[in-house]
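Trainee: Please take me through this model one interaction at a time, and give me each cut-off as it comes up.

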Amino acid sequence: MTEDNRKIALTLMYDGKDFCGWQVQKNAPSVQKAVQDALEKVLGVRPDVSGCSRTDSGVHANMYVCHMDAKYVTMPPESLMRAFNANVTGHLSCYNAEYKDADFHARYSCSGKEYVYRIWNAKYRNPFLEDYSMFVPYGIDDGALAFVGEEFSGKHDFRAFMSKGSKITDDTVRTVEYFRTERKNELLEIYVKADGFLYNMVRIMVGTYLEAAKGRIKKGGIANIIESGDRSLAGDTARAEGLFLNRVFY
C-alpha cells in the first residue's frame, strides 16, 4: 500500500436485474458488494467504495461512477480495469479507470445526471426487451405531450415526485435541464437531466407522463402538481426495469 492521496475512479455499466441496487444490503446482491468483492480479489484488501448514486433494485446503468482511495492500487489504472473485469461476477463491467484529485468524490463532485427510461410502445410484447423496458400497449402521441417536458423543466420543488420513505425531507428543490422524448419506431425513450434527483423521481415523472398520455392530465396539469407538492396527484411509479442511469456529469 502506498501513501498516494489521490482517488481512483471506476466507470461501470451493469444490468440491474442482477442486483438489489448499489448499496450493500444483508442477504441481497448489490453492485457495491460485487465491486468490493472483485477489488478484494485483485488488491488483496477490501477497499471502501463510494458511488455516484443509490440506484434502486432493478435499475440499470450505462454509466455509473464510483471511487476508492488510490493508496490501495499498485498497478496502472488500465491494468486495474482489466483485472477487475476478470474477477467481477454478475452482469457488471468496468470500462474506464483513472486517477482523480484527492478531493474528488463520485457523488458530491457530480454536477448532474441523465437518466433514460425506455418504453416498448406496441400492441405486442418484445421478448428481448422484457427486462429493459416498460411495455405500454396503448398509443402514446409523444408529439402532443411536449407540454409535459416544458412544465417539468426548470427549478422547482419536486416533493410531489418523491416516494415515501425518502431520507430527504427539507431540500426537495431540483433543477431539471430537460425532459424530452425520442422515438425509434415502437421504442420510446424519455431522457431526463437534472442537477440531482429525489427518491424515485424519474419513475414518478414517467408515470405522470403516462397519465398525460391517457388524457388524464392536460396542459398546465404538471405545473399544478408541482405547485401542490402533493404526491397523490402525480402518476404511479413506473417499473424499475425501464430505467437506466445514462450519463454522469462532473
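Mentor: A salt bridge is counted here when a side-chain nitrogen of Lys or Arg lies within 4 Å of a carboxyl oxygen of Asp or Glu. This is a predicted model, in which local features need pLDDT of at least 70 and side-chain atom pairs count only at pLDDT 80 or more, while totals for chains, interfaces and linings use all residues. Residues are numbered from 1 along each chain as its sequence is written, and side-chain values use heavy atoms, with hydrogens and water left out.

Trainee: What is the N to O distance in the salt bridge between the side chains of Lys100 and Glu98?

Mentor: Exposure is worth setting out beforehand, where buried means under 20% relative accessible area, exposed means over 50%, and partly exposed is what falls in between, using a 1.4 Å probe and protein chains only. Lys100 counts as partly exposed at 25% relative accessibility, and Glu98 is likewise partly exposed, at 33%. The side chains of these two residues, Lys100 and Glu98, meet in a salt bridge whose N to O distance is 3.7 Å.

Trainee: Is Glu211 buried or exposed, going by its relative accessible area?

Mentor: Lys214, partly exposed at 41% relative accessibility, forms a salt bridge with Glu211 in which the closest N and O atoms are 3.6 Å apart. The side chain of Glu211 also meets that of Arg216 in a salt bridge of 3.4 Å, N to O, and Arg216 is exposed at 59%. Glu211 itself has a relative accessible area of 17%, and therefore counts as buried.

Trainee: Which residues do salt bridges that share partners join into one network?

Mentor: The structure holds 20 salt bridges. Where such bridges share partners, one network results, and its members are Lys33, Asp37, Glu40 and Arg46.

Trainee: Which four residues touch the most other members of the largest nonpolar core?

Mentor: A nonpolar core is a set of buried Ala, Val, Leu, Ile, Met, Phe, Trp, Tyr and Cys residues joined through side-chain atoms within 4.5 Å. The largest one contains 76 residues, and those touching the most other members are Leu12, Val35, Leu92 and Phe161.

Trainee: Which helix gives the most to this core?

Mentor: Helices are DSSP runs of H or I with at least four residues, strands are runs of E with at least two, and both are numbered from the N terminus. The element in question covers residues 201-213 and supplies eight residues to the core, which identifies helix 4.

Trainee: How many degrees lie between the planes of Phe158 and Phe161?

Mentor: Rings of Phe, Tyr and Trp (its six-membered ring) pair if their centres lie within 6.5 Å, with planes under 30 degrees apart counted as stacked, over 60 as edge-to-face and the rest as tilted. The structure holds 10 aromatic pairs. Phe158 and Phe161 form an edge-to-face pair, 6.1 Å from centre to centre, with an angle between the planes of 65 degrees.

Trainee: How many residues apart in sequence are the parts that the pair of Phe179 and Tyr209 ties together?

Mentor: Phe179 and Tyr209 form a tilted pair, 5.8 Å centre to centre with 45 degrees between the planes. Phe179 lies in strand 8 (residues 173-184) and Tyr209 in helix 4, so the pair ties together parts whose separation in sequence is 30 residues.

Trainee: How far from the ring centre of Phe249 does Lys193 lie?

Mentor: A charge sits over a ring if NZ of Lys or CZ of Arg is within 6 Å of the ring centre and within 35 degrees of the ring normal. Arg180 has its charged end over the ring of Tyr191, 4.6 Å from the centre. Lys193 lies over the face of Phe249, and its distance from the ring centre is 4.0 Å.

Trainee: Which strand is joined to strand 3 by two bridges and runs parallel with strand 3?

Mentor: Two strands pair if DSSP finds at least two bridges between them. Strand 1 (residues 7-14) is joined to strand 3 by seven bridges and runs antiparallel, and strand 2 (residues 50-51) pairs with strand 3 in the antiparallel sense over two bridges. Eight of the 10 residues of strand 3 (residues 60-69) are buried, so the strand is largely enclosed by the rest of the structure. The parallel partner, covering residues 243-249, is strand 10.

Trainee: Which residue of strand 3 does Ser50 stand opposite?

Mentor: Ser50 belongs to strand 2 and counts as partly exposed at 27% relative accessibility. Contact (heavy atoms within 4.5 Å) links Ser50 to several residues more than four places away in sequence, including Trp22, Val65 and His105. In strand 3, the residue opposite Ser50 is His67.
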